[in-house]
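Here is a walk through one chain, taken a feature at a time. Have the sequence and the 3D view open as you read.

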Amino acid sequence: SDYEEFIRRILWKCDKEYRNVLPLIFESHTHQVGMAREALKYVRTPLILYVEQDTPLVTDEEIEWDSIIHDLLLSYTNMIRFHFEAVIPEPHKHMIHGFDDKTKTRLIKTSQWSQRPHIASTAFYKRILRDHFSEDAKSFIEDKMHSVLDCAYNDDGLMGWEQFKVHIYAPDGNHKRSYHADGRDGEEKYDNTQIF
């Protein structure tokens, strides 16, 4: 019922407040891959901002949008993740590969995919959905791409990372640029029904 109310409210906002938003309602379960594929059919920009409804960006910290867009448009990066913690946790450091000296923005190279908020090249997103998921895929994007990036790096080091060029936005001090409202509130993930 909470989710149905969320949909009702967002549709009302799209009708009354948001002028440049196209809501897509799915009558059947298509999961993240199916929804992303359908949404990308309507994208007319070179970049997309992916934000799940329960993982918004913070509003109390600056995000250097101009330099982020610069780095994406020049293909120095394909995707920039907005971190959900102030620092990189120790258990994640094996997926962190240093600061990138090519970029205008302070970015950390990573072989860790996360579906938390990120900005990416539209072409890159279309490529990963085409190359790493079947036509009938119904799954979380992260559940597949996390291992794809990890394997690419483990097999070929930074040359493997170069295939994807994923970064974490890492300004001096606090890296946290998103948070989690736990919209699913511990619901089952339905791992046994995912189709990759």
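In what sense do β4 and strand β6 pair, and over how many bridges? They pair in the antiparallel sense, over three bridges. Keep in mind that this is a predicted model.

## Strands around β4 and β6

Let's start with β4, which covers residues 107-110. Looking across to β6 (residues 166-169), I108 sits opposite I168, and K109 has H167 as its bridge partner. On another pairing, β4 meets strand β3 (residues 96-99), again in the antiparallel sense, this time over two bridges. There, I96 is the bridge partner of T110.

β6 has a further pairing, with β2, and here the sense is parallel, over three bridges. Within that pairing, M79 stands opposite V166.

## Two covered faces

In a regular strand, side chains alternate between the two faces of the sheet. Are the side chains on the two sides of β4 buried or exposed? Both faces are covered: L107 and K109 are buried on one side, and I108 and T110 are buried on the other.

β6 tells a similar story, with V166 and I168 pointing one way, H167 and Y169 pointing the other way, and all of them buried.

## Aromatic contacts

Searching the whole structure turns up five aromatic pairs. Take F82 and Y169: their ring centres are 5.9 Å apart and their planes make an angle of 65 degrees, so this one is edge-to-face. The two residues come from distant parts of the chain, 87 residues apart, with F82 in the loop between β2 (79-81) and β3 and Y169 in strand β6. Both F82 and Y169 are buried.

Elsewhere, ring pairs join Y50, W113, F124 and Y125 into a cluster.

## Salt bridges

How many salt bridges does the structure hold? The count is ten. One of them joins the side chains of E5 and R9, at 2.9 Å from N to O. Both residues are in helix α1, four residues apart, or about one turn of the helix. E5 is partly exposed at 27% relative accessibility, while R9 counts as exposed at 51%. R8 comes into the picture too, as E5, R8 and R9 are linked in a network of salt bridges. For a sense of distance, the C-alpha atoms of E5 and R177 are 27 Å apart, with their positions 172 residues apart along the chain.

Another bridge runs between R106 and D172, whose closest N and O atoms are 3.3 Å apart. R106 is in the loop between β3 and β4 and D172 is in the segment after β6, so this pair ties together parts that are 66 residues apart in sequence. R106 is partly exposed at 33%, whereas D172 is exposed at 63%. There is also a bridge between K41 and E38, with the closest N and O atoms 2.9 Å apart. K41 is exposed, with a relative accessible area of 55%, and E38 is partly exposed at 24%.

## A nonpolar patch on the surface

Which residues make the nonpolar surface patch of about 400 Å²? They are L49, V51, W65, I69 and L73. Helix α3 (residues 65-73) gives the most to the patch, with three residues. L73 belongs to that helix, and its relative accessible area of 48% makes it partly exposed, because exposed would take a value over 50%.

## Positive phi and the cysteines

Most residues other than glycine have a negative phi. Two residues here go the other way. S75 has a positive phi near 60 degrees and lies in the loop between α3 and β2, where it is partly exposed at 41% relative accessibility. K165 also has a positive phi, of about 45 degrees, although it is not a glycine. K165 is found in the loop between α5 (141-162) and β6, and it is buried, with a relative accessible area of 17%.

Finally, the structure holds zero disulfides. As for cysteines, C14 is buried at 12% relative accessible area, whereas C151 is partly exposed at 42%.

Definitions and conventions:
Residues numbered from 1 in each chain as written. Predicted model: local features only at pLDDT ≥ 70, side-chain atom pairs only at ≥ 80, totals over all residues. Heavy atoms only, no water. Disulfide = S-S within 2.5 Å. Buried < 20%, exposed > 50% of the residue type's maximum accessible area, 1.4 Å probe, protein only. Pairing = 2+ DSSP bridges. Patch = residues over 30% accessible without salt bridge, like charges linked within 9 Å, V, L, I, M, F, W, Y side chains within 5 Å. Areas by Shrake-Rupley, 256 points an atom, 1.4 Å probe, with all protein chains shown as cover. Salt bridge = Lys/Arg side-chain N within 4 Å of Asp/Glu carboxyl O. Phe/Tyr/Trp six-rings, centres within 6.5 Å; stacked < 30°, edge-to-face > 60°.
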